[in-house]
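The following exercises treat a single structure in worked steps. Please examine the sequence and the model before reading each solution.

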Amino acid sequence: MISFKKVIIAFAVMVLALPVTAQIVITEEDEIMNADSVLHELDNRPYFGLYKDNYFTAGTSVGPAPTKTNSDVKFQVSIAQRLTKSVLPFKTYMFLFYSQKTLWNVFENSMPMRDLNFNPGIGISKHIIVKNRVVGKATLLVEHESNGRDSLASRSWNKISLSAAMYLDPHFMVHGKVWIPIVDGENNKDILKYSGIFQTGIQCVTTNKRWVFDLTYVKRQGWNLSGNITANLGFRLFKNHNQFLMLHYYNGYGECLLDYKQYHNRLRVGLLIRPDMFSDF
């Protein structure tokens, strides 16, 4: 089993090798974080858009030889519908969101869908403004997650989540998320031991916007440092498009609801579609 420490070091080396300018220069890009500009763009952009990363990837387990049972396709569709402009109390806005993650065993006979995870919810967000600059965002979420199965294959839980993101500059973001779980699935009462109790991570974009990188750590229940790691590295295929060639790595438990107790250590490649700046998480 590859240790979390080695994974973090390996991806950190990859990111440090990218063409990122070491010194932060105040340019027109800083206008992206100007409070008036951000709120104006929020209130005037289309109500419907991307939420989390949207991707389509294929790959196999790290270590063992590839087989039709340890190789698969993983894809996610994630969208949001803004319900209001930032006119609610404290300049907050409300939105609906829906994410669907699928593990697809395309290399097996009849190519069965291994598991589909549905994650709808509603949220209220507020941009954090200091000296007329947006320095972060706080969001309160009520979300449900289930795999739509019945009997012994049924998995589901609900969460009241509070997330926060801090924009250290227009190219680097630190985020965290905690939740109050409401576990209603009869067959996944111990899901916190595997799918976690909180998460934290980083996202960064190079100054030329050609490379993106993010690392997310989900802490599993317990007093040790055990957790699940997701790391993504993307290269923008065309300068003015938001499509990236993606390297996707997952190490830990809880990658899908059906097999939340099963350890996965998988590397996949594929196509990523994401916003110009930072994704939600």
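**Exercise 1.** Determine how many disulfides a search of the whole structure finds, and state whether Cys204 and Cys256 are buried or exposed.

*Solution.* The model is a predicted one. Step 1: a disulfide requires a pair of cysteine sulfur atoms within 2.5 Å. Step 2: the search of the whole structure yields zero disulfides. Step 3: a residue counts as buried when its relative accessible area is under 20%. Step 4: Cys204 has 14% relative accessibility, so this residue is buried. Step 5: the relative accessible area of Cys256 is 2%, and Cys256 is therefore buried.

**Exercise 2.** Trace the strand pairing that begins at strand β7 and ends at strand β11, and identify a bridge partner wherever one is given.

*Solution.* Step 1: strand β7, residues 156-169, pairs with strand β8, residues 172-182, in the antiparallel sense over 11 bridges. A hairpin of two residues connects β7 to β8. Within this pairing, Ala164 has Gly176 in β8 as its bridge partner.

Step 2: β8 also runs antiparallel to strand β9, residues 198-205, and seven bridges join them. Here His175 lies opposite Gly201 in β9.

Step 3: β9 is joined in turn to β10 by eight bridges, again in the antiparallel sense. Gly201 faces Thr216 in β10. Between β9 and β10 is a hairpin with five residues, and Lys209 in the turn has a positive phi of about 65°.

Step 4: β10 and strand β11, residues 227-236, run antiparallel and share nine bridges. The bridge partner of Val218 in β11 is Asn228.

Step 5: as to covering, strand β10 comprises residues 211-219, and seven of its nine residues are buried.

**Exercise 3.** Which values of phi do Ser110 and Asn132 have, and where in the chain is each residue placed?

*Solution.* Step 1: most residues other than glycine have a negative phi. Step 2: Ser110, which is not a glycine, has a positive phi near 70°. Its place is in the loop between β4 (93-104) and β5 (113-130). The relative accessible area of Ser110 is 72%, and this residue is therefore exposed.

Step 3: Asn132 likewise is not a glycine and has a positive phi of about 60°. Asn132 belongs to the loop between β5 and β6 (133-146). With 36% relative accessibility, Asn132 counts as partly exposed.

**Exercise 4.** Describe the largest pocket by its volume, its lining residues and the elements that supply them.

*Solution.* Step 1: rolling a probe the size of a water molecule over the atoms shows where empty space is left. Step 2: the largest pocket holds about 960 Å³ of space. Step 3: its lining consists of 35 residues, and those nearest the centre of the pocket are Glu41, Arg45, Lys137, Pro275 and Phe278.

Step 4: at least two lining residues come from each of α2 (35-44), β1 (48-50), β3 (71-82), β4, β5, β6 and β7. The largest share, four residues, is supplied by α2.

Step 5: sorted by class, the lining of the largest pocket contains 20 nonpolar, seven polar and eight charged residues.

Note on methods:
Residues are numbered from 1 along each chain as its sequence is written. This is a predicted model: local features need pLDDT of at least 70, side-chain atom pairs count only at pLDDT 80 or more; totals for chains, interfaces and linings use all residues. Side-chain values use heavy atoms; hydrogens and water are left out. Two strands pair if DSSP finds at least two bridges between them. Buried means under 20% relative accessible area, exposed over 50%, partly exposed in between (1.4 Å probe, protein chains only). On a 1 Å grid over the protein atoms alone, a cavity is a set of points where a 1.4 Å probe fits but cannot get out, and a pocket is an open set with protein on both sides within 12 Å along at least five of seven lines; lining residues have an atom within 4 Å of a point. Grid points are joined across faces, edges and corners, and a volume is the space filled by probe spheres set on the points. Ala, Val, Leu, Ile, Met, Phe, Trp, Tyr, Cys and Pro count as nonpolar, Asp, Glu, Lys and Arg as charged, and the others, Gly among them, as polar.
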